[in-house]
Amino acid sequence: MTYAALALGLSLTAALASGAAQAAGASDTDADRDARWKEIAASIFKDRAIQPTETLVKVDAPKRAEDAALVPITLTMPEKDRIKAVHLVIDDNPSPYAAHVSFGPAADPGELKLRVRVNNYTNVHAVAETKDGGLYEAAKFVKASGGCSAPMGMSDEEAMKGMGDMRMKFAGDVQPGKPVEATLMIRHPNFSGMQMNQVTRDYTPARYINKVTVDYGPKNVFVMDGDISIASNPVINFAFLPEGKGPIKVTATDNQGGRWEHSFTAPTASN
Amino acid sequence: MRALDAASRKDGARRSMTRRQAVFAGFCLCCLPRALRAEAFAMEEVGPGIFQRRGPNAEASPANNDAIANIGFIVGRDGVLVTESGGSLADGQWLRAEIRKRTDKPIRHVVMSHVHPDHCFGAAAFGEDKPNYIGHHGLREALEARGAYYRQRLEDVLGPEKAGIVVYPTQSVKDGAEIDLGDRILRFTAHATAHTSCDLSMIDSGSGLLFTGDLLSVGRIPSLDGSLNGWLKEIERLKGMGARQAVPGHGPVRVELAPALAGIGRYLGTLRDETRKAIAADVSIEKAVQSVAQSERGQWDLFDDYNPRNVTVAYKELEWE
């Protein structure tokens with residue numbers, strides 16, 4: 001399995017059973033799931049303690065995904081001033097550590113949305129990291145399978161068209177002092193490395209966005225480390241504080257040396 | 001659509017459907033935790049020498065052998081053409097037996113209208129006939145990408161003996177093609193990406209009937225697996241093909257073409273317009289799946305099973321416009 005060596009450096013043999021064993025996780029017991037999560041958590045966070053939380057972070061996802069290759073995830077962190085970073089783990093994916101987002105001074109970490117691939121019935125864990133170094137976890141069980149190995153429905157060439165193009169949308173009018181909601185869209189197939197031409201038996205090599213940095217003028221909004229679990233054509237909803245100056249700059253890189261930069265004009269309060 | 005709607009109610013699938021299992025998310029081939037009792041439809045002669053069996057508006061289940069699409073054959077002077085092969089080896093074998101009850105003529109051609117398993121997996125039943133398997137030029141690539149995946153899913157539901165193997169087209173249609181059965185000519189059109197990336201339609205000169213594959217679905221909700229904008233364009237193209245009646249991929253086996261295309265066009269147009277509106281209003285994808293095209297709910301079987309997925313696919317396509 002070549003997808004052990006991934007950006008976030010997490011290789012977990014237990015979860016790497018096989019891309020084809022779609023249903024393997026469907027019948028696992030809660031004890032199996034807990035054991036798996038403990039193993040993953042230990043490999044990411046070493047011996048740091050993780051407390052369960054019902055207030056610091058919440059994971060929203062459809063119980064059953066409409067499309068296993070595009071599962072919308074919403075992370076809500078209402079005590080946003082305490083939040084430094086959030087980690088997203090899809091326990092039963094071949095490479096479970098889906099994303100790590102660290103927030104900068106220009107961020108409003110109250111809500112973050114991502115679209116992910118889900119390869120198996122799984123717990124989706126979010127671990128919020130507070131500024132004082134605490135780790136707090138919440139989870140949601142999602143029923144979906146085959147999201148990582150699902151063929152794209154188009155040729156690789158077609159899927160790579162416009163790679164690196166970006167768009168950013170801003171929601172609503174800017175009110176002084178209120179966070180601005182933004183949607184970042186990046187054209188990129190985010191090949192998982194598990195999508196196979198069934199006849200030639202060739203896998204399309206993994207090619208995925210491994211880092212996205214968003215800055216507002218001189219201040220950082222967030223940095224996301226991503227992995228193959230992020231859906232193709234990544235879309236990230238986030239919020240930032242409107243006090244900044246200058247353009248919003250996005251830099252994205254992929255694991256094959258691709259690097260793209262775009263600048264967007266930030267909306268300003270109209271009063 | 002009233003009459004069609006009433007007809008589809010007989011299938012008994014509406015509302016009683018439980019959600020499809022996620023292992024099949026995204027494809028026509030879906031199994032149900034509680035298997036629906038498939039209503040068995042018989043072979044019907046819909047035109048001179050043209051026999052069709054209606055597929056019930058259900059998902060693949062052990063009880064129905066994935067025999068859920070409209071399938072059948074045309075008996076020409078020089079041989080038989082299979083218009084759609086069936087949803088599994090078992091379904092294809094049933095079709096072959098039905099052909100042999102009616103004619104001894106050689107089975108020369110098997111049409112594969114697109115990549116979905118409910119239309120392709122019967123093809124394996126015709127191996128001994130060594131027919132010409134005809135498909136869209138994009139079919140081979142689509143089968144290479146998905147065939148083994150579909151086969152595995154189908155084996156999970158039906159077991160390996162009944163599922164069948166992936167068969168590839170031997171004749172690839174780039175734009176158009178003709179097959180002459182001696183007393184009638186079948187004219188094929190390879191469509192641009194619409195329902196899927198490999199939709200092939202066919203007009204029979206003997207009856208004037210248009211065989212649409214899943215570019216047209218009547219009563220069963222269409223499933224979007226190609227391009228929404230593309231599909232709406234191809235619907236316009238089907239309107240101009242000179243046929244008055246059609247054999248759709250799902251639904252009654254012979255329908256008036258104009259109202260049937262109006263019905264599917266209305267659904268897909270609503271899906272496009274309301275998804276565009278949702279995107280423009282920053283309605284998230286997970287909210288859009290609950291709100292878009294709800295006015296169409298009463299018009300289609302399996303609406304709740306496919307509409308949210310159709311919205312997801314549409315959203316993905318339209319958000320980059």
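Here are two short exercises on the sheets of this predicted model, each with a worked solution.

Residues count from 1 along each chain as its sequence is written, and chains are lettered from A, ligands numbered from 1, in the order in which they are written. Local features need pLDDT of at least 70, side-chain atom pairs count only at pLDDT 80 or more, and totals for chains, interfaces and linings use all residues.

**Exercise 1.** Work out which strands stand at the edges of the seven-strand sheet in chain B, and what packs on that sheet.

Step 1. Get your terms straight: helices (H or I, at least four residues) and strands (E, at least two) are DSSP runs, numbered from the N terminus. Two strands pair if DSSP finds at least two bridges between them.

Step 2. Write down the order: this open sheet runs β1-β2-β3-β4-β5-β6-β7, with mixed pairing.

Step 3. Look at the ends: β1 (43-47) and β7 (171-173) of chain B each have a single partner strand, so one side of each is left without a neighbour in the sheet.

Step 4. Now add the helix: α2 (residues 89-102) of chain B packs on the sheet, and its direction makes about 30° with that of β3(B). Axes are lines fitted to C-alpha atoms, for helices over the stretch in contact, and angles run from 0 to 180 degrees between N-to-C directions. Contact means C-beta atoms, placed from the backbone, within 7 Å.

**Exercise 2.** Find how β4 and β7 of chain A run, and which residue stands opposite A85(A).

Step 1. Strands β4 (residues 83-90) and β7 (residues 122-130) of chain A run antiparallel, joined by seven bridges.

Step 2. Within β7(A), the residue opposite A85(A) is E129(A).

Notes
Contact = placed C-beta atoms within 7 Å.
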